Structures are given as C-alpha cells and as structure tokens.
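Open the model in your viewer and keep the selection panel at hand. The stops below follow one another by what to select next.

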Amino acid sequence: MRVSKTTIQQIDSSKVALPAQEIFGLPEKVLQFGTGVLLRGLPDYFIDKANNENRFGGRVVVVKSTDHGDTSAFEQQDNLYTICTRGIENGQPVERNTINASISRVLSAKSDWAAILQCSHNAQLQFVISNTTEVGIQLQVADVQNEVPVSFPGRLLAFLQERYHAFNGTAESGLIILPTELISNNGSVLQSIVLELAQLKNADATFIHWLQTHNRFCNTLVDRIVPGKPNNINVIQQALGYQDELLIEAEPFTLWAIEGDADISQRIGFQDKAAGCIVVKDLNVYRELKLRLLNATHSFCCGLAFFNGFPTVASAMQDEDFRGFVQALLYNEIAPAIPYPINTTEITRFADAVMERFANPYLKHYWINISLQYSLKFKARCIPLLKNHIATKGQLPPNMVKGFAAYIAFMKVTEQKNNDYYGLFNQITYPIQDSEAAFFKETWQSADSTATVAKAVLANSTFWNEDLLSISGLLEAITEQLNKLFTQHGLTMTSPELSQKETAYHEQ
C-alpha cells in the first residue's frame, strides 16, 4: 500500500501522525522554488505543523527548479510524504513519524511555466520560499531575453511582474519572500539581483517602485540536519505499514530564523517560537550561534576525531574522553569567545542542543565529509574565536590549540594525482579536498620538523590575511601539540610508499 489521500485512513495512527482531511481543502498561500529535503524537512514541516494546529490555513505549490527527475512520485502520493524524526531531545531518544500534507501540487519550471505564472493571480498567495542551493542566487544576464527564465532570480522577477499586472500594483498584492539558501544576507542579495535584472529589462518605474516598496525580501537562517531517505527505509516502511517514495529522515532540532519587524512577525502565521520558527530583528545572533557553537566545534574537532579513528560525529561522542574534550571546548572556550553580544542563556541553550545533536546515533555525519574545504572553514569559523579568547582571557585556549594542530596534521599531503590530493594515515589514504592543499603539500615536503611546518602555516598571511605568528606563544603551543599527535598516532615527517592496494583505491 502506497501513501495517498485515499489510503491514509488505513494507516495506523498510533505509528504515524496523520493529517486532518480539512487540510486538503486549504488554499495555496505559498509558492516554493525547490523540492529538496531541506525545504520539505524544515519550512514545509513548520507549515504543516501550523495547519494541523489551525494557525496558518494554507498550502504550498512547489516549483521543481531542476531538469533531472520528474514529479511522478509526488503525483502518485497526492504530494504526501513522511518525516521520520530521529535523535535525542532533552536527553531522551526520539522517534516520531508524521505524514506531511503541506504541499498541494508540484509544477515543473521547464514544462509548466504558464501554470506557474498563473499562480501569481491567486489573491490568497502571500509567501515565496526558496532553496535553489547557494549557486541558485546568481545574476544571469541571459534571463533579460529568455522568455522562460533559467535562473531563480529571473523566474522570481517574471512571477512578480505577472503578479503586478494581475493586481494593478496594489500594496496588498506584495509578497513576503523567504530564501533559505545558505549565503549571508540571502534576502538582501536576492533582492539586489532581482532589481538589477528588472533594470536591465527596462522595467517600468512604477513596477520597480512596487517591487521595492510592497514586497519584503527577508534574510533567513535555517538549521536542521535532513539526510533525506534513510538507509533502512525498507525496515521503516514495513513498521509503518505503507510505502513512501518521498520519505525523509530528520533530526529533532529545528531552527528557521527570519529577519523582520513587527509587521513581518504578525503576517507569518506559521511562526512557532517554541519549535524554532522565529522572527527576529537581528539575525546575526543566530548566525553566530550556529557558526561558532555548531560549525566551529565541528572544525576544531575534525582532525582530532579522524586521528582517533572515529568515522562519524556520533561515534566520537560515544567515547568518554572525546566527549569530554568536546564539552570543554564548547562550554569553556568557544561559548565565552563568541565575537558578538549574545545573552549567555541563549548561548547555553544552543550549546546544550549541539551536544545532543552531535550524539544523535541516527545521523551518519562523517568527519571526512566535514573536512571538505577545511582551511576556509577554519579561517572563517575558528580563528576569530581563537583570537577573541586570547583577547578576553589573556591566555591560549588549550583545546582550540589542540584542534588547530590536528587540522595542520590532517593537511599533510602525501600524494597528488592530477588535481586531487591525498593524505595517509594507518596505511590508508584519505582525500584532502581543500583550496590550500598545494600549499600544504609543498610545506610538509620541504620541512625538516613540525616546528617548521607550524611556522610556515601561521606565517601564511596571504591566506589568513594576517601573520598569526604575532600571537604570543601560539607557535610553541601548536608545535607541542603536533609532536604529541605524531607520537600518539604514529605520524612521521616522511611518507611511506603506497602499496598497490592503496594506489588502486585512488583509481576506483
């Protein structure tokens, strides 16, 4: 049995939360660009939750932005899908299953463009939501001429122009636009591109005035790990008693912070402060909480966890010593050093959630994936914390220093094949996918000691935009930690030859 409007009455409601029949008759209030798991696991989750609690009263018409794949799975399931929430919440394991009924229909940008434009004539439409990935919010000048725009900003502009003409530019017809792409000031960036495209198209001044005055482009920040379809989906489906091709897994933690004023707060009917969908005046608070407490902790821990043989974040948190290291790093060093004024209660609450999220046994978050662009992440996330800790405490933070040293050790390139770089640990090669890989290859190969490597890395002002050697005692502390890592984990300055088996690994 496959989930659909006709089969949900046969589904055991003790195993999964079912939508009320009235939801299927709600009007379309949201146009959403994107069918991805983040949108379905976070914004659509909040909209469905609000509908079931009689707080919103609207559904989502989705625009499938990409060409690959089709919409048949949505059609066959009447756009229903299951969210399986798995993790730890308030110290207790959580397993919740919910059939989400927020989506009314799915249209293809490629084949249903006329129907998409027709949605702009809907007087009850209030919101546009998007997640077209970070590269989706870019200016494509060709869209000035394209009858069917290719880029998301181009499509949004065409949609807004159609709506402007449909309602004669009334103030009430303006929309609230909520991009969730992971770029800073995503709403402001999107607005500037849409305005530039409008000017390139020689749009009427009255339309541009309406666009700027009566449409609100809000910066937003999203935070929820939604891996998508779980590996054990067959087991889950058997337990639930039905099939669902769109089933997704997600952690319990949810945060959708929207930057706006009292007017925005009043108009967003799916706001849920207790669950983490909030309208705030200053988005930087939540950006800093996520960047420092979640992302920076990942980066400080990544190399150290790798050398200790932990494949995933959850496996590292099962080790008592490593969990103690994370706890000391997070609460004693990172939390007090966040370079932004944030209430300590908020910091502690977010840090507590990070500890639970890291320990989530259902999520397979691999350290090797976290190491992608390690250098850029370390520079943006970690260095400001290190410097601020020293400035406020007057001493080097030992756990941050240990994480810094492990990053340098992880970046020991032992092999290059074309433009791909690799390191070697315990006779197993691992990929180093990093913009600074060439620098580290040359540095490690030409150095005669760990102190020489540490000095070269800290002195690389071209990358850091400053000379980190100027930080008193940092060179000596990192060198000491590098030597300890080398002793504990059998690392050497020279790299042994790869075996045939290891070489073949690269060729697969």
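Begin with Ala166, which counts as partly exposed because its relative accessibility is 31%. The model on screen is a predicted one. Ala166 has its place in helix 5. To get a sense of distance across the model, add Pro341 to the selection: the two C-alpha atoms are 46 Å apart in space, and the residues are 175 apart in sequence.

**Helix 5 and helix 6**

Extend the selection from Ala166 to all of helix 5, residues 152-166, and add helix 6, residues 186-200. Their axes come within 9 Å and cross at roughly 65°. An angle from 65 to 115 degrees counts as roughly perpendicular, so that is the description for helix 5 relative to helix 6. The crossing of helix 5 and helix 6 is right-handed.

Now show side chains where the two meet. On helix 5, pick Phe152, Pro153, Gly154, Leu156 and Leu157. On helix 6, pick Leu190, Ile193, Val194, Leu197 and Ala198. Colour the residues of this contact by class: 9 are nonpolar, 1 is polar and none is charged.

**A stop at helix 8**

Next, select Ala239, in helix 8 (residues 233-240). Ala239 is partly exposed, since its relative accessible area is 45%. Add Ser371 and draw a distance between the C-alpha atoms: they are separated by 36 Å, with the residues 132 apart along the chain.

**The loop before helix 15**

Move to Gln373, in the loop between helix 14 (367-370) and helix 15. What is the sign of phi at Gln373? Phi is positive there, about 50°, although Gln373 is not a glycine. At 28% relative accessibility, Gln373 counts as partly exposed.

**Helix 15 and helix 16**

From the loop, select helix 15 (residues 374-393) together with helix 16 (residues 398-410). The axes of these two helices come within 11 Å, and the crossing angle is roughly 155°. Angles over 145 degrees count as roughly antiparallel, and helix 15 and helix 16 are therefore described that way. Their crossing is left-handed.

Which residues of helix 15 and helix 16 meet? Helix 15 brings Tyr374, Ser375, Phe378, Ile383, Leu385, Leu386 and His389. Helix 16 brings Met400, Gly403, Phe404, Tyr407 and Phe410. By class, the contact of helix 15 with helix 16 has 9 nonpolar residues, 3 polar ones and no charged ones.

**From Tyr407 to Phe440**

Keep Tyr407 from the helix 16 side of that contact and turn to aromatic rings. The structure holds 31 aromatic pairs. A pair of aromatic rings is described by the distance of the centres and the angle of the planes. For Tyr407 and Phe440, the centres are 5.7 Å apart and the planes stand at 80°, so this pair is edge-to-face. The pair links distant parts of the chain: Tyr407 is in helix 16 and Phe440 in helix 17 (residues 437-446), with their positions 33 residues apart in the numbering. Are Tyr407 and Phe440 buried or exposed? Both are buried.

**Helix 17 and helix 18**

Phe440 leads on to the next pair of helices. Select helix 17 and helix 18, the latter residues 450-458. They pack at an angle of about 145°, with their axes 9 Å apart. Helix 17 passes helix 18 in a right-handed crossing. Show Phe439, Phe440, Thr443 and Trp444 of helix 17 with Val453, Ala456 and Val457 of helix 18, which make the contact. The contact of helix 17 with helix 18 contains 6 nonpolar residues, 1 polar residue and no charged residues. Phe440 thus has a part in the ring pair with Tyr407 and in this helix contact.

While helix 17 is selected, pick out Ala438, which lies in it. Ala438 is partly exposed, because its relative accessible area is 41%. Add Leu289 for another distance: Ala438 and Leu289 are 32 Å apart, C-alpha to C-alpha, and 149 residues apart in sequence.

**Last stop: Asn465**

Finish at Asn465, in the loop between helix 19 (461-464) and helix 20 (474-489). Phi of Asn465 is near 65°, a positive value in a residue other than glycine. Asn465 is exposed, as its relative accessible area is 61%.

Methods. Residues numbered from 1 in each chain as written. Predicted model: local features only at pLDDT ≥ 70, side-chain atom pairs only at ≥ 80, totals over all residues. Heavy atoms only, no water. Axes fitted to C-alpha atoms, helices over the stretch in contact; angles between N-to-C directions. Helix = DSSP H or I, 4+ residues; strand = E, 2+ residues; numbered from the N terminus. Parallel < 35°, antiparallel > 145°, perpendicular 65-115°, else oblique. Left-handed = near helix turned anticlockwise from the far one by under 90°. Contact = heavy atoms within 4.5 Å. Nonpolar A, V, L, I, M, F, W, Y, C, P; charged D, E, K, R; others polar. Phe/Tyr/Trp six-rings, centres within 6.5 Å; stacked < 30°, edge-to-face > 60°. Buried < 20%, exposed > 50% of the residue type's maximum accessible area, 1.4 Å probe, protein only.
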